[in-house]
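Thanks for making the time this morning. I would like to walk you through one structure, beginning with a single residue and working outwards from there.

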Amino acid sequence: RGHKPDAVMSLTVGKGRLYTGYSSGKIKIWDTMPPPIDAEHPEKVQAKEVTKTQKNMIDVEGHLDGVLGMALCENLLMSHSEDKSVRIWDLRACDPAMELVPICKEKAL
């Protein structure tokens, strides 16, 4: 009660991961790689087992408002938000490598 749900506002995929951006400003990184297949017994891997391994790996926080979009470039994730900032995340450390903020915070005409 009184809690605003955290809605997914954007997503992107790459390198076996799903990146989801939320209305709270949080970004979640999901592992989407299937489990390794046993070469001697490939029939043992079932569809249910594949979905069980897909899990939230990392929560990344930094934006103050909803994440509107994201893009990947090598080991960098770029995100932009309703807080009028663009952040560039170093995925090796899951830290913001750089924050770009508008010089003029007034609304454009």
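**Starting from one strand residue**

Val86 is partly exposed, because its relative accessible area is 31%, a value that falls between the limits of 20% for buried and 50% for exposed. Before I go further, please keep in mind that what you have in front of you is a predicted model. Val86 has its place in strand E7, which covers residues 86-90. If you look from Val86 across to Met70, the two are 16 residues apart in sequence, and their C-alpha atoms are 9.5 Å apart in space.

Let me step back to the whole chain. It has one helix and eight strands, and, read from the N terminus, the order of the elements is β-β-β-α-β-β-β-β-β. The chain has 109 residues, of which 27% count as buried. Among the contacts with a separation of 6 or more, 38% come from residues that are 24 or more positions apart. As for the surface, the chain exposes about 7800 Å², and carbon and sulfur atoms supply 57% of that area.

Now to the interior. In soluble globular proteins, nonpolar side chains tend to be buried together. Which residues make up the largest nonpolar core here? There are nine of them, namely Tyr19, Ile27, Ile29, Val60, Val67, Met70, Leu77, Trp89 and Leu91. The elements that give two or more residues to this core are strand E3, residues 27-31, and strand E5. Met70, which I mentioned a moment ago as the partner in the distance from Val86, is one of the core residues. For a closer view of one member, take Leu77: if we leave aside its neighbours within four places in sequence, Leu77 is in contact with Thr12, Tyr19, Ile27, Met70, Ala71, Leu72, Arg87, Ile88, Trp89 and Leu91.

A residue I would ask you to find next is His63, in the loop between strand E4, residues 55-60, and strand E5. Is His63 buried or exposed? His63 counts as buried, because its relative accessibility is 5%, and the cut-off for buried is under 20%. The side chain of His63 makes a polar contact of 2.7 Å with the side chain of Ser79, and a further polar contact, at 3.4 Å, joins the side chains of His63 and Asp83. Not counting residues up to four places away in sequence, His63 also touches a set of residues that includes Ser24, Gly25, Ile27, His80, Arg87 and Trp89.

Two loop residues deserve a careful look at their backbone. Lys15, in the loop between strand E1 (8-14) and strand E2 (17-22), has a phi near 55 degrees, which is a positive value in a residue other than glycine. Glu74, in the loop between strand E5 (67-73) and strand E6 (76-81), likewise has a positive phi near 55 degrees without being a glycine. Lys15 is exposed, with a relative accessible area of 65%, and Glu74 is exposed as well, at 64%.

Finally, a word on the aromatic rings. How many aromatic pairs are there? The count comes to zero. There is, however, a charge over a ring, in that the charged end of Lys28 sits over the ring of Tyr22, 5.6 Å from the ring centre.

How values were computed. Residues are numbered from 1 along each chain as its sequence is written. This is a predicted model: local features need pLDDT of at least 70, side-chain atom pairs count only at pLDDT 80 or more; totals for chains, interfaces and linings use all residues. Side-chain values use heavy atoms; hydrogens and water are left out. Rings of Phe, Tyr and Trp (its six-membered ring) pair if their centres lie within 6.5 Å; planes under 30 degrees apart count as stacked, over 60 as edge-to-face and the rest as tilted. A charge sits over a ring if NZ of Lys or CZ of Arg is within 6 Å of the ring centre and within 35 degrees of the ring normal. Helices (H or I, at least four residues) and strands (E, at least two) are DSSP runs, numbered from the N terminus. Buried means under 20% relative accessible area, exposed over 50%, partly exposed in between (1.4 Å probe, protein chains only). Contact means heavy atoms within 4.5 Å. Accessible areas come from the Shrake-Rupley method with a 1.4 Å probe; for residues, only the protein chains shown count as cover. A polar contact is a pair of N or O atoms within 3.5 Å; within protein, one must be able to donate a hydrogen and the other to accept it, and residues adjacent in sequence count only if both atoms are side-chain atoms. A nonpolar core is a set of buried Ala, Val, Leu, Ile, Met, Phe, Trp, Tyr and Cys residues joined through side-chain atoms within 4.5 Å.
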